[in-house]
Structures are given as structure tokens and as C-alpha cells.
Amino acid sequence: MKVEETGLKDCFIITPKIFGDHRGYFFESFNTHKFREQTNINTTFVQDNEAFSNRGVLRGLHFQKGIHAQAKLVRVVKGKVLDVVVDLRPKSETYGKHFSIILSEENKKQLFVPRGFAHGYAVLEDNTLFAYKCDNFYKPEAEGGIIYNDPVLKIDWMLANDEIQLSDKDIELPFFKDV
């Protein structure tokens, strides 16, 4: 696997080595030893999640607070998303900065999202299957979020405003300055 820096501290793009032939393909989606060797991050994933959505669905920006913070390894199994992260760690040199990347079934790229980041994604194709690992269990009482169209962050979600579909919860999220 190839690990690349994103420009945000401790946030990495992971591209697997794909072995393909006339039968299809195989790749190792995660290897803790290789990850640790290339990033100096020691993490243990405890929960796997999966979400199915169609074009226009926007999920996020979400995070878990305090001792319930989660690092995530996110990828797309089928379809395509614009994946976005925001560094919320006040002492980080990249605090308040965001990074976005296209994750798709074609490129098989993954994004490692460290603890202390908000995360969200916009679905760019129908029938998209999104999967992610977390290093801490989800706790509803530790939920936090930032509104997707925050005027300070100015994230381009690659969707027209009339295409965006949000949950009731995500419509009510606060601005970055209030988090």
C-alpha cells in the first residue's frame, strides 16, 4: 500500500496495491503493520460501518467529542463520493483547514481521518456504498457537527444546492465558529 500526506497533520491517503487478472482483482484494504510503519500512528479499529446512498446525499460534517473521539479509515466500495475532513484540534498547525478527495470504486483510495477531525461526504453517484472503520465505539451523547455550508470553511461539495439532501439533524448543525 502507498501512504501519502494530505497537507493536514496526521491525515493520510492510502492507495492499495491492486492485483488483477482475467478473473477480477484482489487487494489488501488494510494492514496495521504497514500502516504503522508508514505513518507512525498506532491505531486499533473496533467497529466497521457501512452506508448506502444515492447522488445528492450529503452526510456531515460529524465528529465525536472528548474521550469518545474516533479515528476513521474511510473508503467507497461502490460508486463515488467527495470526502471532506476538517481539523478541529486547536493546537494543530492545520486547525480550521479542510481537505477533500474523491473516493471511488475505481480508484480504491482510502482516507485515514485522525481523532479530532470533523468528517463528511457528498455522494456523487447513485447506488454508492460507503464503508469505514472506527477506532472507538459510537456514543450518541458525544456527537458533534458543523453545518455543511459553513461560510468560514467554504467547502465546495461538487453538488448544486438544489441537489443536496440532508438529514433533519444535519440541517440544524452549528457553524464552525460555534463549535
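**Figure 1. Strands β8 and β11 of the predicted model, which are paired in the antiparallel sense over seven bridges.** In this pairing, V85 has H119 in β11 as its bridge partner. Strand β11 is mostly covered, with seven of its seven residues buried. F117, H119, Y121 and V123 point one way from β11, while A118, G120 and A122 point the other way, and all of these residues are buried. A further antiparallel pairing links β11 to β6 through three bridges, and within it L58 has A122 in β11 as its bridge partner.

**Figure 2. The surroundings of D83, a residue of strand β8.** D83 has a relative accessible area of 0% and is therefore buried, the term being used for values under 20%. Leaving aside residues up to four places away in sequence, D83 touches V74, F99, S100, I101, L103, L111, H119, G120, Y121 and F130. Three residues of β11 that are described in the previous legend, H119, G120 and Y121, are included in this list of contacts. D83 and V123 are 40 residues apart in sequence, and their C-alpha atoms are 8.7 Å apart in space.

**Figure 3. Strand β2 (residues 12-15), which is covered on both faces.** F12 and I14 lie on one side of the strand and I13 and T15 on the other, and these residues are all buried. Strand β1 (residues 2-5) pairs with β2 in the antiparallel sense over four bridges, and V3 has I14 in β2 as its bridge partner. The hairpin of β1 and β2 has six residues between the strands, and in this hairpin G7 takes a positive phi near 100 degrees. Strand β2 is also joined to strand β10 (residues 110-113) by three bridges, the two strands running antiparallel, and here F12 stands opposite F112 in β10.

**Figure 4. The hairpin that joins β3 to β4 through two residues.** Strand β3 (residues 18-21) and strand β4 (residues 24-27) are paired in the antiparallel sense over four bridges. Among the residues involved is D21, whose bridge partner in β4 is G24.

**Figure 5. The loop between β8 (80-87) and β9 (98-104), in which E93 has its place.** With a relative accessibility of 60%, E93 counts as exposed, because that term applies to values over 50%. Although E93 and K9 are 84 residues apart in sequence, the distance between them in space is 7.5 Å, C-alpha to C-alpha.

**Figure 6. Backbone geometry at the G60 to L61 peptide bond and at N127 and K154.** Most residues other than glycine have a negative phi, and most peptide bonds are trans. Against that background, the peptide bond from G60 to L61 is cis, with omega near 5 degrees, and L61 lies in strand β6 (residues 58-64). N127, which is not a glycine, has a positive phi of about 60 degrees; its place is in the loop between β11 (117-123) and β12 (128-134), and with a relative accessible area of 39% N127 is partly exposed. K154, another residue other than glycine, has a positive phi near 50 degrees. K154 is found in the loop between β13 (143-145) and α2 (168-171), where K154 is exposed, with a relative accessible area of 67%.

**Figure 7. The protein chain to which the close-up views belong, with two helices and 13 strands.** The radius of gyration of the chain is 16 Å, close to the 16 Å that the globule rule gives for 179 residues, so the chain is as compact as a globular protein of that length. Taken along the principal axes, the box that its C-alpha atoms fill is roughly 50 × 35 × 30 Å. Of the 179 residues, 49% are buried, and the accessible surface of the chain comes to about 9,700 Å², with 49% of this area belonging to carbon and sulfur atoms. Among contacts between residues at least 6 apart in sequence, 79% join residues that are at least 24 apart. The chain carries 24 positive and 26 negative charges, and the mean positions of these two sets are 5 Å apart.

Conventions. Residues numbered from 1 in each chain as written. Predicted model: local features only at pLDDT ≥ 70, side-chain atom pairs only at ≥ 80, totals over all residues. Heavy atoms only, no water. Rg over C-alpha atoms; globule rule 2.2 N^0.38 Å. Buried < 20%, exposed > 50% of the residue type's maximum accessible area, 1.4 Å probe, protein only. Contact = heavy atoms within 4.5 Å. Areas by Shrake-Rupley, 256 points an atom, 1.4 Å probe, with all protein chains shown as cover. Lys, Arg positive; Asp, Glu negative; His and termini not counted. Charge placed at Lys NZ, Arg CZ, Asp CG, Glu CD. Pairing = 2+ DSSP bridges.
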